[in-house]
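Please read the following report alongside the sequence and the coordinates. It concerns helix packing, burial and a few backbone details.

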Amino acid sequence: MNEESTKKEQLERLEKKLLNFKKSPLYQYRVENGFLPVLGEGDFQAKIMFIGEAPGKKEAQTGKPFCGASGKMLDSLLESVKISRKNVYITNIVKDRPQDNRDPSKEEIELYSHFLDEQIEIIQPKIIATLGRFSMGYIMTHYGLEKEIEPISDAHGKSYETKFSYGKVKIIPLYHPAAAMYNGGLRETLKEDFKILKK
Ligand code: URA
């Protein structure tokens, strides 16, 4: 069995667990609305993994991450640095849609985080780009960079190195693409910050 098919199988097993994640307070909301959980998608061999917050409505309807308005913004940022979406892996910390697009709670982030931890171990990205303060906070706190946490307005576009079980990883905090939809200035900042991924 080659490495790619093993990764695929591991991710499929994880997806089954997520489908049955009845202990989440968001499970009921998912079922009542006919929503899907969103594990993530992309290249299983990707060097770069993007981590957002939680699925929005469109994502919960399709089961795919970043396919709504924030996704369009993410696509255009990737395009601006000529990185193909096909070659990266995209996911979120929380895998079910929180009611009415509210921010995920601390408890929800902790509850779902083992899915993300497992995904990282399966994909083994060399670069993790966090999108927004929630995923930045989770990754930096849990992966040895707690003391270096700064507000996202200072941390964005910087590169922090840490170690995972499989080797060194660069953590790059970025603003959430949705922030650029409400603040045109941030779009330029995000475009500038995305250039670091190309390097
Ligand atoms: N916002 C996120 O953080 N993730 C998505 O998948 C969509 C919107």
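Within what distance do the axes of H1 and H5 come, and at what angle do they cross? The axes of these two helices come within 10 Å and cross at roughly 175°, where axes are lines fitted to C-alpha atoms, for helices over the stretch in contact, and angles run from 0 to 180 degrees between N-to-C directions. That makes H1 roughly antiparallel to H5, given that angles over 145 degrees count as roughly antiparallel, under 35 as roughly parallel, 65 to 115 as roughly perpendicular and the rest as oblique. The contact (heavy atoms within 4.5 Å) is made on the H1 side by Lys 7, Gln 10, Leu 11, Leu 14, Lys 17 and Leu 18, and on the H5 side by Tyr 112, Phe 115, Glu 118, Gln 119, Ile 122 and Ile 123. By class, the contact of H1 with H5 comprises seven nonpolar, two polar and three charged residues; Ala, Val, Leu, Ile, Met, Phe, Trp, Tyr, Cys and Pro count as nonpolar, Asp, Glu, Lys and Arg as charged, and the others, Gly among them, as polar.

The model is predicted, with local features needing pLDDT of at least 70 and side-chain atom pairs counting only at pLDDT 80 or more, while totals for chains, interfaces and linings use all residues. Residues are numbered from 1 along each chain as its sequence is written, and side-chain values use heavy atoms, with hydrogens and water left out.

Helices (H or I, at least four residues) and strands (E, at least two) are DSSP runs, numbered from the N terminus. Helix H1 has 17 residues (3-19), which at 1.5 Å a residue should span 24 Å, and its end C-alpha atoms are indeed 24 Å apart; the expected span is 1.5 Å times one less than the number of residues. In H1, Lys 7, Leu 11, Leu 14 and Leu 18 are buried, meaning under 20% relative accessible area, with exposed being over 50% and partly exposed in between (1.4 Å probe, protein chains only). These four residues of H1 cover an arc of only 55° around the axis, which puts them on the same side of the helix, the arc being that of the directions from the helix axis to the C-beta atoms. On the other side of H1, Arg 13 and Lys 16 are exposed. The cover over the buried residues of H1 includes helix H2 (27-32), strand E3 (89-92) and helix H5 (106-123).

In helix H6 (residues 133-142), the buried residues include Phe 134, Ser 135, Met 136, Tyr 138, Ile 139 and Met 140. Among the elements that cover the buried residues of H6 are strand E2 (48-52), H5, strand E4 (127-131) and strand E6 (167-174). Just after H6, Gly 144 takes a positive phi of about 80°.

Two residues other than glycine also have a positive phi, and the table gives their values.

| Residue | Phi | Location | Relative accessible area |
|---|---|---|---|
| Phe 66 | about 45° | loop between H3 (57-62) and H4 (69-80) | 5%, buried |
| Asn 101 | near 60° | loop between E3 and H5 | 49%, partly exposed |

Two pairs of residues, given as C-alpha to C-alpha distances, complete the account. Lys 199, in the segment after helix H9 (184-198), counts as exposed at 84% relative accessibility, and Lys 199 and Val 81 are 118 residues apart in sequence and 9.9 Å apart in space. Ala 69 and Gly 56 are 13 residues apart in sequence and 9.3 Å apart in space.
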